[in-house]
Amino acid sequence: GDSNWGARALGLVVTLAGIFIAGSLIGLIANAVDQRIEQLRKGRSAVLESDHSLILGWSDRVPAVVRELVVANESRKRAAVVVLADVDKTLMEDTLRDQIEDLRTTRLVCRSGNPSSPADLALVNLKAARSVVVIGGNDAAVVKTLLAVRAGAAADTAAEADPGLRPTLPPLIAEIGDYSTTRSVRALFGDAVVIVNSDAVVAELTAQACRQRGLSQVFRELLDFDGDELYFAPFDALTDRTYAEAQLAFEKSSVMGVMGTDGTIELNPEPHRVLRAGDQLLGIASDDSEFTFTGLVDTPEVPSPHNEIVEEQARRMVLVGWSKLGPRVVAELDEFLGPETTLEIVLDPEVVNVDRVTASVKVHNVNVEITTHEGGPEDVALHAARRAFHEVIVLGRRDGVSAEEADANTLLTLLAFTQVATAQNLGPVRIVAELLEQRHAPLAQATGADDFIVSDELTSLMIAQLSERHELDRVFSDL
C-alpha cells in the first residue's frame, strides 16, 4: 500500500515510532534490572533460608565465628549462615570470603540493616533460625538487639495465637562485657539467652594455664570443630546402670559427665551415681557417629590409691602489664594458690594508675607485691629477675594503643623473659601470655611461650560452639 508518497510518509513515521517505542521499552527493562541488582547489592531483600544460623551485628570476631560454623555444617547438605549488620553488604561478603577460603556446604547470606530495628529483623527470617548470635561493638548495641529480637518474637506470637503467651525465641547467644549488664539481661531473658563474657573467659583460662602446662591447647581443642568435640546423647541401654559401668561401655569415645532431665550438668560424678531414664551422657569423641554404646564389660577391681601428702613449695609468680582483666586473673589465681605463693605485679606508672590497681586487687590466700618499673621489656625482665621466679604472666595492653602495638609489646616482653631466664639459669620457667589477635600466635610460639591465650579466638570459638549446642554453656562454666 505504499504506492504514493502519503503512504510512504506514514510508513516512515510508524517505523520511527516503532524504533523509539522499542528502544524506550528496552531502556525501561534495563533500568528495572539495574535497580533490582542495586537493591540486591544493598542487601535489602528478604531471606528465604530456614533453619539457618543467624548472626546479628558485626565485629572482628564474625569471620572466626562463621569459619567455625562452616566446619560444623559439613555434615549438613543445605546449611546457611545469615549475617545482618549495619555495614555494606559487599564489604561484609568480601571480608568473609577473604578470610574463609572454602565455604564447603554452607551458603553465606549477608544483609545490610540495623539489628536493633524490628523492621530490619523481619528481613532475616528470625522465626525460622536455628540459633541467633548477637555480636556488637558495645554492650548497649547488644542489649538493644536482644530487645528487638524479643519484640519481634512477641509480635509473631501475638499474630499467631494468644498475645498473653510467652514469646518463642530461638536459642540466643550474646557477647556482653559488663557484669551488671549481664545480670540484667539474665533477669530479663532467663535461660533463653546464653551470655559469653569474653573478659571472664580469657582471665580464667589465663590463670588456669599457669597451673597446668598446655591447658590452653586442651581448651582450644574442645572449643573448635576440628578434631574431638563434646557431645550429649541418651543411651537407654544404660538406664539404672552406674556411671562407672557407663565409662567402660564406650570404646571410641570418653565419657566425662551426665546431664540430668532437669538440665543440670555433673562433670565426673561419683562412680556409683545411677543413670535414670532421660539422662544424657556427655562424651568426647571425634564425631557424633563415634559416640556409640559398645556394650557393658565387667568392672575391674581398682586398688585404693596411696595418697601421699605433698607439701607445697614456695613459689614466685610475676605478672607483667595490666588491663581490665587483671583483677579477674588475680582473683582466679587466689582461688587455687596458697600463702606459699608470692605474686609480684610489675607496673609502669606512666601507663597505669598504680593506686587504682592496688585498690582493685583483693586476695585472701596469696601474697601480693606491687612494684613499679619504667623502661622497655628487657628492663622489666631484668627487674623481675632480681629474685628467682617460676611463672610469668604477660597481659596485653588494651587501652591507649592498637592491637598491633599491644601484641608487639607482648611479644618483646616474652622474648626478654625467655632470654633472662636462660642467661641467669633460673631453671624451668612457665610463661603464659595474652594476645589480642590470632595471626600473632605463630610469633608467640617462636618466643618460647608455653601457653598463649588469644582473646578474639577463644571468644569466637566459644560463641560458635554455643550456637550449635547452647547446653554446653554449663559445661564450659564448670570447666
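## A walk from the pocket outwards

Start by selecting α2 (62-72), α3 (89-99), α5 (139-160), α7 (198-211), α13 (403-423) and α15 (455-468): each of these helices gives at least two residues to the lining of the largest pocket. Helices here are DSSP runs of H or I with at least four residues, strands are runs of E with at least two, and both are numbered from the N terminus. You are looking at a predicted model, in which local features need pLDDT of at least 70 and side-chain atom pairs count only at pLDDT 80 or more, while totals for chains, interfaces and linings use all residues. Residues are numbered from 1 along each chain as its sequence is written, and side-chain values use heavy atoms, with hydrogens and water left out.

Stay with the pocket, which holds about 1100 Å³ of space. Its lining has 40 residues, and the closest to the centre are Asp60, Arg61, Leu436, Ser455 and Asp456. Now colour α15, which supplies the largest share of the lining, five residues. (A pocket is an open set of points on a 1 Å grid over the protein atoms alone, where a 1.4 Å probe fits, with protein on both sides within 12 Å along at least five of seven lines; lining residues have an atom within 4 Å of a point. The volume is the space filled by probe spheres set on the points, which are joined across faces, edges and corners.)

Next, show the strands. One open, parallel sheet has six of them, in the order β3-β2-β1-β4-β5-β6. At its edges sit β3 (106-112) and β6 (193-196), each pairing on one side only. Pairing takes at least two DSSP bridges between two strands. Zoom in on β1 (residues 53-56) and β2 (residues 79-85), which run parallel and are joined by four bridges; Leu54 has Val82 in β2 as its bridge partner.

Then move to another open sheet, also six strands with parallel pairing, ordered β13-β12-β11-β14-β15-β16. Here the edge strands are β13 (367-372) and β16 (451-454). Pick Leu319 and you'll find its bridge partner in β14, Ile393. Four bridges join β11 (residues 315-320) to β14 (residues 391-394).

Go back to β3 and select Arg107 with Glu49. Their side chains meet in a salt bridge (2.5 Å, N to O), meaning a side-chain nitrogen of Lys or Arg within 4 Å of a carboxyl oxygen of Asp or Glu. The pair links distant parts of the chain, 58 residues apart: Arg107 is in β3, and Glu49 is in the loop between α1 and β1. The structure holds 20 salt bridges.
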